[in-house]
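Have your viewer ready and keep the selection box handy. We will go from stop to stop, and at each one you can pick out the residues and look around.

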Amino acid sequence: MKKGFSLNSQTGYFENMGVSVMAFNDIYASGHQSGVSIIMHGNRVATNGDLRLEQTPGQWQPLPRDVERVVDAENGCIRTVLRYPDERQHLHGFNPAICPDVHLTYTVHVQAEGACLRVTVDLDRPIPDFLVGKTCFNMELFPGALFGKPWIMDGKQGIYPRQPVGPTLSLPGNLAHAMPADGEAKILADIDHLAGVERGYNPITADTLIAAPYACGKCFISRPDDPYNRLKVEAVQGELKLYDGRMNHNNGWFVLSSEIAAGATEKAVEWIITPHVVEEWLYPPVVQLSQVGYLPRQEKSVVIELDKRDERRPDIVLQKITAEGTFPVRTLQTGEWGKFLRYHYLKADFSDVTEEGLYRVVYGDAQSSVFRIAGDIYARGVWQPVLEYFLPVQMCHMRVSEKYRVWHGLCHDDDARMAPVNCNHFDGYMQGSETLTKYQPGDHVPGLNRGGWHDAGDFDLRVESQAGEAYILSLIYETFGLCWDATTIDQEKKITEIHQPDGKNDLLQQIEHGALTVVGGWKALGRLYRGIICNDLRQYVMLGDAAAMTDHRPGNSDDRWVFTEDNPGRELTTAAQLSAVSRALTGFNDELAQDALQAAKELFRITDGERNEWSRAAKVHAAVELFLTTGEKEYKAFLLSQVDFICEKIDRLGWILCRAVKKLQDAAFEKTLRKALEKISESMVQMSEETPYGIPYRPHIWGAGWQIQGMAFQYYFLHDAFPDLFAPALMSRALNFVLGCHPGSNTASFASGVGAVSATMAYGMNRADFSFIPGGVVSGTALIRPDFPELLPWPFLWQQTEYVMGGGSSHYMFLVLAVQKIFGDQ
């Protein structure tokens, strides 16, 4: 007998056996996770149920501002008050929007009524005339699970298409009704440049051309063929329309929509939503472990993720796969770990299994991928794709080829023009009232068209991603002495050839490539750049070959802009990174190494380290790296003078000082540092016990893979300096998390192309092809608030599948090498 939906006061969402309905638990509408969201039998099928100012908005359209959310468990209702505009978005901040001049407060009520939920929207006033026919209550349907699947709208049927198809509709745009700019704001986006109305398509004004609806009616059913995903929506007021949001935004979803009628206020929208509930359904057990495998001496454990209602406990069986077939090795001893997020977890350890071979873990009808136990498990195809594929493909100012394939042509050879002053760029860059250089806005700055890597799919060069990437690679070289040659990199001809060795260490060539852009910017501008990025929003959302972004002729309107800033924290952090880079490049490119060191020393000398806590901590970081590079007493004296501050900020600075503590040769300092680190050790142990994965992991919204890798990268230096305080197992667990032992039904390795199953749709430069770059490491399993872990096979969710420079892949590479060094054959 169906129980019907009830409102769980602890989780704050509605539940009916295997179906959950959230109402504004989440806060990330631009990332397709907010509003009314529906999870059916382990899969999120719909989201972003909310009032929007156009039928198929994208990430650049205005969002409402939350005012109040009330969970009324006694009456089974969630009431959320929101309003337009959110003035913080208008021409300002990260992803600035152009907000229409509408002032509207509204309330979304979600009420449980047996097997369905009633959604009503009340407005405090009628919508203005210019928004009639545009303002809608929308709900987005995840397209990746719907291609080729059926829907029904009243008497009409259809199949969700793999690509958007015409006809289209032309609508009046909201741009003509933009609200006035905030007169008190000093730095705003230029509305004419942001809108780019003379330059054709622009995602910020894409509300003027949308797909004609596939169907209109009163009752819509998605997936009528599948009881696990059958979703019925009925419109009590008005009608429903099914749109394809990919027509005006490539990363859009299917959208079910109801327009707000002129003059409507109370119950301007009223829907009845009925997700079909399969009564006997339980979340299928998920077997989670590394998709690559384990070294014989490495800790090995399997995590079983279960429905919290599942009381079955079949054996956990380790199998070995041989030339003669598959045979059980033994039944593993099962431990009840308990509840984490929305699931129940079991754990079993098999660390004592050291015989090399192919294995698999079976739990009832569920099983893991096949994995290896071997001494050479990381010797080929694990960290190597980072250096063989990902870093070469991301190289800016180069043509990158791989045999028959051209990954991208020579790009951005016209870099760069000085950014306008008082400029709020659409990707968060801010240029203040001065350029801080001899160059004036619009001037071509020579010397910026060498080196660097494109950051994710955005093609920009942020100084922290460039210097940060070169820094991590330098520490890889310094820590592990890595030498690998699989690529030709010709800086004079600006050509990169993947899998064409040139007799040079690829790692040093990549460090050199990062140094070229940072040091080149320093020499050209007389200071560090903040970043180099396209100036036009159409360029920013470009999918495809980076060479198509500009015409490679310096000094015209398609050139990228270079930004500067006065930011002591970032400048001193870069000084630290350049100092380490100079050590790595000594003997490989001595001139560049010396330039990097001189820039680092000058930044340390002239930059205000007392501006704030960040700048003070960054000056300590710079002093550590400069002392390691030069051994000069100035830097040692500075570090010893900062002992109280270092202990106060030990969580931030501990790993950095561990890199220099032995060379400092100061027993009192070492004793004080160790004492401070004892608290960090205790804290990390306690946090690791909070999850079945044995690592500090507190999911927020974004996938935590990068954060966990970064933590493990720093942990290596803590362990190296004080191994009795920091046991090595945490690094192994962090690596296994990234390689597949993480929450959720998708156990793919976050490292694309690595392991039996991996993230092969990713938010990189080739995301429009639903593809990936080997060795890129995605952000990973995200949290749909408050408790649903999700990693969708979808290339347009940056919070789950984005690549990044300055840590994503290089931290992963460092971690693999660290685990190999610690747990490999001695």
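A residue counts as buried here when its relative accessible area is under 20%. Keep that cut-off in mind for the first stop, and remember throughout that this is a predicted model.

**A loop residue to begin with**

Select Leu791, which sits in the loop between β42 (788-790) and α16 (798-801). Its relative accessible area is 8%, so Leu791 is buried. Now add Thr747: the two residues are 44 apart along the chain, and their C-alpha atoms are separated by 8.5 Å.

**A buried aspartate**

Next, go to Asp458, in the loop between β35 (430-431) and β36 (461-462). Which side chain of opposite charge is nearest to Asp458? It is that of Arg767, 5.0 Å away, and Asp458 is buried without a salt bridge. The cut-off for a salt bridge is 4 Å, so the distance to Arg767 does not qualify. Show Tyr540 as well, and you will find a polar contact of 3.4 Å between its side chain and that of Asp458.

**A covered strand**

Select residues 136-141, strand β10, where 6 of 6 residues are buried. Colour the two faces separately: Cys136, Asn138 and Glu140 lie on one side, with Phe137, Met139 and Leu141 on the other, and both faces are covered. Then bring in the partners. Strand β5 (residues 43-52) runs antiparallel to β10 and is joined to it by 5 bridges. Strand β19 (residues 254-259) also pairs with β10 in the antiparallel sense, over 6 bridges. Leu141 is a good residue to centre on: its bridge partner in β5 is Ala46, and it stands opposite Phe254 in β19.

**An open sheet**

Move on to the four strands in the order β21-β23-β27-β26, an open sheet with antiparallel pairing. The edges are β21 (286-288) and β26 (335-340); each has a single partner strand, so one side of each has no neighbour in the sheet. On average, neighbouring strands here are turned by 25° against each other, direction ignored. Zoom in on β26 and β27 (residues 343-349), which pair over 5 bridges in the antiparallel sense. There, Lys339 stands opposite His344 of β27.

**A helix from end to end**

Select 613-630 to see helix α8, whose 18 residues span 25 Å from first C-alpha to last, close to the 26 Å expected at 1.5 Å a residue. How many residues of α8 are buried? The count is 13 of the 18, so the helix is largely enclosed by the rest of the structure. At the N-terminal end, Asn612 acts as a cap, with a side-chain oxygen 3.2 Å from the backbone nitrogen of Trp614. Just past the helix, look at Gly631, which has a positive phi of about 70°.

**Backbone geometry to check**

Most residues other than glycine have a negative phi, and most peptide bonds are trans. The last selections depart from that pattern.

- Tyr84 and Pro85 are joined by a cis peptide bond with omega about -5°; Pro85 is in the loop between β7 (77-84) and β8 (104-113).
- Gly166 to Pro167 is also a cis peptide bond, with omega near 5°; look for Pro167 in the loop between β12 (156-159) and β13 (168-170).
- Phe24 has a positive phi near 60° and lies in the loop between β3 (19-23) and β4 (36-40). Phe24 is buried, at 7% relative accessibility.
- Asn95, in the loop between β7 and β8, has a positive phi of about 55°. At 18% relative accessibility, Asn95 counts as buried.

Methods: Residues are numbered from 1 along each chain as its sequence is written. This is a predicted model: local features need pLDDT of at least 70, side-chain atom pairs count only at pLDDT 80 or more; totals for chains, interfaces and linings use all residues. Side-chain values use heavy atoms; hydrogens and water are left out. Two strands pair if DSSP finds at least two bridges between them. Axes are lines fitted to C-alpha atoms, for helices over the stretch in contact, and angles run from 0 to 180 degrees between N-to-C directions. The expected span of a helix is 1.5 Å times one less than its number of residues. Buried means under 20% relative accessible area, exposed over 50%, partly exposed in between (1.4 Å probe, protein chains only). A polar contact is a pair of N or O atoms within 3.5 Å; within protein, one must be able to donate a hydrogen and the other to accept it, and residues adjacent in sequence count only if both atoms are side-chain atoms. Lys and Arg count as positive and Asp and Glu as negative; His and the chain ends are not counted.
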